[in-house]
Amino acid sequence: MSGERKVRLGVIGSGKGSNFVALAQACRDAKLPAEIAVVLSDVAESGILKHAVDFGLPARFIAPGPFRTKLDESAESNYVTALREARVDLVVLAGFMRILKGGFLAAFPRRVINIHPALLPAFPGLASWKQALDHGVKVTGCTVHWVDQGIDTGRIIAQQAVPVLDGDTAETLHERIQQAERVLYPQTIGELIRKGVVKVAVA
Ligand code: GRF
């Protein structure tokens with residue numbers, strides 16, 4: 001029955017996994033009323049999978065298929081199956097470097113979120129911290145948003161501003177944005193759960 005178990009998160013990423021670690025720590029310390037049911041990656045040697053193993057969580061590499069920026073049809077279906085088998089209530093993208101298409105999103109309607117290292121709708125796409133520096137903005141930040149079929153275009157849920165400091169390099173700015181992400185992502189998911197926006201699926 002609904003409410004008898006914790007909300008189950010399925011985390012998907014391609015990279016070092018610092019957001020995943022923040023989420024896993026928040027779940028472990030009961031700051032986030034959820035549990036991580038499965039961690040999936042399209043990169044076999046990714047940091048996120050290694051961290052998941054260190055946390056003792058189920059972690060799987062699922063081959064993405066031949067395309068560079070999206071999953072092919074059979075890969076997409078493998079991801080959906082793995083998330084369904086893990087009875088995931090919310091799909092949490094944490095540095096997943098591929099665009100998710102309609103088939104995946106239809107399997108998890110309004111249940112896929114992402115974090116982006118800029119104040120959307122400014123600077124979507126890659127290396128947003130560098131885009132921010134190149135434009136000379138004085139404030140950038142990070143955004144948690146619902147995922148739709150566009151690139152970082154889904155409805156915004158929460159944002160955290162990060163000032164650009166004199167002398168910032170791409171590396172120093174990126175690191176401060178990532179520090180903000182590690183606070184904002186667990187906090188925002190916690191709020192979505194506490195407000196009942198994200199719930200335990202009844203089935
Ligand atoms: C984060 O900066 C996130 O905003 C972006 O990808 C990065 C993932 O970093 N979508 P990590 O793998 O969580 O360290």
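This section describes the ligand site, the pocket that holds it and two local backbone features. The model is predicted.

The ligand is surrounded by residues from several parts of the chain. The glycines of this shell are Gly 15, Gly 17 and Gly 95. Lys 16, Ser 18 and Asn 19 also belong to the shell. So do Ile 115, His 116 and Pro 117. Gln 178 and Glu 181 complete the set. By class, seven of the shell residues are polar, two are nonpolar and two are charged. Glycine is counted as polar in this scheme.

Backbone atoms of the protein approach the ligand at three residues named here. At Asn 19, a polar backbone atom is 2.9 Å from an oxygen atom of the ligand. At Ile 115, a backbone N or O atom lies 2.9 Å from a ligand nitrogen atom. At Pro 117, a backbone N or O atom is 3.5 Å from an oxygen atom of the ligand. The ligand taken alone exposes 370 Å², and the protein buries 88% of that area.

The ligand sits in the largest pocket. Three elements give two or more residues each to the shell around the ligand: α1 (18-28), β5 (112-116) and α6 (170-194). The largest pocket has a volume of about 900 Å³. Its lining comprises 38 residues. Nearest the pocket centre lie Gly 95, Phe 96, Met 97, Gly 125 and Leu 126. Of these, Gly 95 is also one of the residues around the ligand.

The elements that each supply at least two residues to the pocket lining are α1, β5, α5 (128-135), β6 (139-146) and α6. By class, the lining divides into 17 polar, 14 nonpolar and seven charged residues.

Two backbone features occur in loops that adjoin β5 in the chain. The loop between α4 (102-107) and β5 contains Arg 110. Arg 110 is not a glycine, yet its phi is positive, at about 50°. The loop between β5 and α5 contains Pro 121. The peptide bond from Leu 120 to Pro 121 is cis, and its omega is near 10°.

Terms used:
Residues are numbered from 1 along each chain as its sequence is written. This is a predicted model: local features need pLDDT of at least 70, side-chain atom pairs count only at pLDDT 80 or more; totals for chains, interfaces and linings use all residues. Side-chain values use heavy atoms; hydrogens and water are left out. A residue is near a molecule or strand if one of its heavy atoms lies within 4 Å of it. A polar contact is a pair of N or O atoms within 3.5 Å; within protein, one must be able to donate a hydrogen and the other to accept it, and residues adjacent in sequence count only if both atoms are side-chain atoms. Accessible areas come from the Shrake-Rupley method with a 1.4 Å probe; for residues, only the protein chains shown count as cover. On a 1 Å grid over the protein atoms alone, a cavity is a set of points where a 1.4 Å probe fits but cannot get out, and a pocket is an open set with protein on both sides within 12 Å along at least five of seven lines; lining residues have an atom within 4 Å of a point. A molecule sits in a cavity or pocket if more than half of its atoms lie within 2 Å of its grid points. Helices (H or I, at least four residues) and strands (E, at least two) are DSSP runs, numbered from the N terminus. Grid points are joined across faces, edges and corners, and a volume is the space filled by probe spheres set on the points.
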